[in-house]
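Let's take a walk through this structure together, starting from one strand and working outwards. Keep the 3D view open as you read.

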Amino acid sequence: VHMHYASKGLLALALARFHPLVVTALGSDVGPQVGYRFPYAFFTHRLLEGAECITVKSVHMKTMLSEIGDFSDKTVLLTWGVERQQYRPDRPTQALRERLSLAEETLVFLSPRATRALYNHNLILDAFRLYRQRGGPDAVLLLPEFNPGLAYLRHLKQTVSRWGLEDQIRFLPPQDSEGMADLYAVADVMLSVPSSDGFPQSIYEAWASGTFMLLGDLPQYRQELAGSQTAKLV
């Protein structure tokens, strides 16, 4: 049995009985600011202990695992890929630009992470507001409502409304993979500044799409992107 996500709650007690068992652990499973805390930590640890193999996406994830248990002898670095026929720089965007009324000269920022406080969309909104106040080139900020915390999303929308920036900061409905590929292709800059992270698929998607990235200066990003011409760590 190969299981994605190590944080399964009580279900972990039953799943740990399957052998051989492979568990793909993500940042949301073992990050102390996210999933590895009471009451989930005990069950996650039990599942990881019982697995014959654990896969992680980055060297930093291996370090995070070592802080909660001695799993080094069965941990494998297995980095995911993306579908290059879908996420690509030359994907046509004219139809999406027309649908969103985006002029060719409009700079497009994309904040694709889950609409939850962990991902600091409120900081991104504030930075965009300051950018507008300081007279930057005409721009819009797109935020797909992915896996939202409803109270947090409501707060973000109220903030945008209070600022009167509904035309420049646009909340989009949840997107399927084709819709996200379109958004990466139309975006000039992808923004991601979470408080904690593993190594998100959104970086690979933006990378494959040729989208420049502004990213929080987290150690796992630094391992892969420090000095890169396709990203700036902030």
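A residue is called buried here when its relative accessible area is under 20%, exposed when that area is over 50%, and partly exposed in between. With that in hand, please bear in mind that this is a predicted model.

**Strand E3 and its partners**

Begin at strand E3, residues 53-56. Which way do its side chains point? Cys53 and Thr55 point one way, while Ile54 and Val56 point the other way. All four of these residues are buried.

E3 has a strand partner in E2, residues 22-24, and the two run parallel, joined by 3 bridges. If you would like a residue pair to look for, threonine 24 has threonine 55 in E3 as its bridge partner. E3 is also joined to strand E4, residues 75-77, again by 3 bridges and in parallel. Here isoleucine 54 stands opposite threonine 75 in E4. To get from E3 to E4, the chain passes through helix H4, residues 59-66, and this β-α-β crossover is right-handed.

**Helix H3 and what covers it**

Just before E3 in the numbering comes helix H3, residues 40-50. Which of its residues are buried? They are Ala41, Phe43, Thr44, His45, Leu47, Leu48 and Gly50. The cover over these buried residues includes strand E1 (2-4), helix H1 (11-15), E2, helix H2 (27-30), E3 and H4. So that you can place the cover in the view, E2 and E3 are the parallel pair described above.

**The chain as a whole**

Stepping back, the protein chain has 10 helices and 10 strands. Its radius of gyration is 19 Å, close to the 17 Å that the globule rule gives for 234 residues, so the chain is as compact as a globular protein of that length. The C-alpha atoms fill a box of roughly 55 × 35 × 30 Å along the principal axes.

Buried residues make up 50% of the 234 residues. Among contacts with a separation of 6 or more, 60% are between residues 24 or more positions apart. The accessible surface of the chain comes to about 11,900 Å², and carbon and sulfur atoms account for 54% of it.

**Serine 111, a buried loop residue**

Now turn to serine 111, which sits in the loop between strand E5 (107-110) and helix H6 (121-133). Is serine 111 buried or exposed? Its relative accessible area is 1%, under the 20% cut-off, so serine 111 counts as buried. The side chain of serine 111 makes a polar contact of 2.9 Å with the side chain of histidine 121. Beyond its neighbours within four places in sequence, serine 111 is in contact with His121, Ile124, Leu141, Leu142, Leu143, Pro144 and Leu191.

**Backbone details worth a look**

Four places in the loops have backbone angles to check in the viewer. The table lists them with their values.

| Site | Backbone feature | Value |
|---|---|---|
| Histidine 19 and proline 20 | cis peptide bond | omega about -5° |
| Phenylalanine 38 and proline 39 | cis peptide bond | omega about 5° |
| Tyrosine 5 | positive phi | near 80° |
| Serine 101 | positive phi | near 55° |

Where do these sites lie? Proline 20 is in the loop between H1 and E2, and proline 39 is in the loop between H2 and H3. Tyrosine 5 belongs to the loop between E1 and H1, and serine 101 to the loop between helix H5 (94-100) and E5.

Tyrosine 5 and serine 101 each have a positive phi without being glycine. Tyrosine 5 has a relative accessible area of 40% and is partly exposed, whereas serine 101, at 59%, counts as exposed.

**Towards the end of the numbering**

Finally, look at alanine 231 in strand E10, residues 231-233. Its relative accessibility is 9%, under the 20% cut-off, so alanine 231 counts as buried. How far is the C-alpha atom of alanine 231 from that of leucine 215? The two atoms are separated by 7.2 Å, with the residues 16 apart along the chain. Leaving aside neighbours within four places in sequence, alanine 231 is in contact with Phe212, Met213, Leu215 and Leu225.

Methods
Residues are numbered from 1 along each chain as its sequence is written. This is a predicted model: local features need pLDDT of at least 70, side-chain atom pairs count only at pLDDT 80 or more; totals for chains, interfaces and linings use all residues. Side-chain values use heavy atoms; hydrogens and water are left out. Buried means under 20% relative accessible area, exposed over 50%, partly exposed in between (1.4 Å probe, protein chains only). Helices (H or I, at least four residues) and strands (E, at least two) are DSSP runs, numbered from the N terminus. Two strands pair if DSSP finds at least two bridges between them. A crossover is right-handed if, with the strands pointing away from the viewer, the path from the first strand over the helix to the second runs clockwise. The radius of gyration is taken over C-alpha atoms; the globule rule is 2.2 Å times the number of residues to the power 0.38. Contact means heavy atoms within 4.5 Å. Accessible areas come from the Shrake-Rupley method with a 1.4 Å probe; for residues, only the protein chains shown count as cover. A polar contact is a pair of N or O atoms within 3.5 Å; within protein, one must be able to donate a hydrogen and the other to accept it, and residues adjacent in sequence count only if both atoms are side-chain atoms.
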